[in-house]
Amino acid sequence: MASKYPNEDLPTLVAQAGPLNGQRWMIKDSTLIGRDDTCDIIIPDRQVSRHHARLVTTPQGTKIEDLGSKNGTHCNGQSISEPFFLQDGDIIQVALAQQFVYLSSDATLPLEALLDQPEDLSQLPHKLRLDKRSRRVWVGKEEILPPLSVSQFQLLELLYDNQGEVVSREDLVRVVWGEDQAIGVSEQALDALIRRLRDRLAAADPRHAYLVTVRGHGVRLENPLLEE
């Protein structure tokens with residue numbers, strides 16, 4: 001049977017952090033991920049269930065579903081409870097064992113842009129670093145896993161681009177929720193998002209408060225230098 005996609009436009013899964021780092025698979029019809037030898041993508045780690053997750057191509061796009069795994073599947077930092085369609089650049093985390101990036105076609109992004117922490121990031125002097133291309137975040141030498149959610153990363157990215165400066169609450173809302181929805185976003189919704197991001201950073205480095213709230217003004221990212 002002919003593929004649903006021309007060969008050059010096959011959706012692709014690229015392994016990032018984990019035992020399969022650097023490998024890539026073109027997604028055709030159904031792709032089973034798990035620890036069992038019968039899986040299409042085998043992750044040799046005890047955290048991974050025998051049949052952990054499945055990718056299915058449809059005329060509407062590629063759908064991912066968790067198969068009742070013990071340690072869960074995350075997409076962009078959100079636990080998967082129901083099947084849903086992937087978007088180009090989505091980050092998939094299988095348990096805490098293996099991370100993938102989903103590309104809507106094989107030519108979307110060069111492989112070298114998706115692998116381990118880029119050299120230019122490793123040379124930066126600050127402790128918290130992020131890669132905008134793959135939406136990955138490191139605190140020191142440790143990557144934050146599961147990945148941050150899309151909204152958490154957008155919030156952190158804006159603060160990172162203006163680190164040391166106070167970013168107004170209005171600007172935070174506008175960037176995360178968009179111009180059209182910004183008016184309807186409550187103070188509580190922004191506070192909850194800041195709290196969740198603060199908790200994720202604190203789990204990686206409890207010794208430093210990265211997000212500083214300046215009452216009446218906004219939020220500032222305090223990004224310390226790497227310890228010698």
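This passage describes a three-stranded sheet, the helices packed on it and the nonpolar cores of a predicted model. Local features need pLDDT of at least 70 and side-chain atom pairs count only at pLDDT 80 or more, while totals for chains, interfaces and linings use all residues. Residues are numbered from 1 along each chain as its sequence is written, and side-chain values use heavy atoms, without hydrogens and water.

The sheet is open and has 3 strands in the order β15-β17-β16, with antiparallel pairing. Strands are DSSP runs of E, at least two residues, and helices are runs of H or I, at least four, numbered from the N terminus. Pairing requires at least two DSSP bridges between two strands. β15 (166–168) and β16 (211–214) are edge strands with a single partner each, so one side of each lacks a neighbour in the sheet. The twist from one strand to the next averages 35 degrees (axes fitted to C-alpha atoms, for helices over the stretch in contact; angles from 0 to 180 degrees between N-to-C directions). β16 and β17 (residues 218–221) are joined by 4 bridges. V212 has R220 of β17 as its bridge partner.

Helix α2 (residues 150–161) packs on the sheet and touches β15, β16 and β17 (contact: heavy atoms within 4.5 Å). Its direction makes about 70 degrees with that of β17. Helix α5 (residues 187–204) lies across β16 and β17, at about 145 degrees to β16.

The largest nonpolar core holds 27 residues. Such a core is a set of buried Ala, Val, Leu, Ile, Met, Phe, Trp, Tyr and Cys residues joined through side-chain atoms within 4.5 Å; buried means under 20% relative accessible area (1.4 Å probe, protein chains only). α2 gives the most to this core, with 6 residues.

Terms used. Buried < 20%, exposed > 50% of the residue type's maximum accessible area, 1.4 Å probe, protein only.
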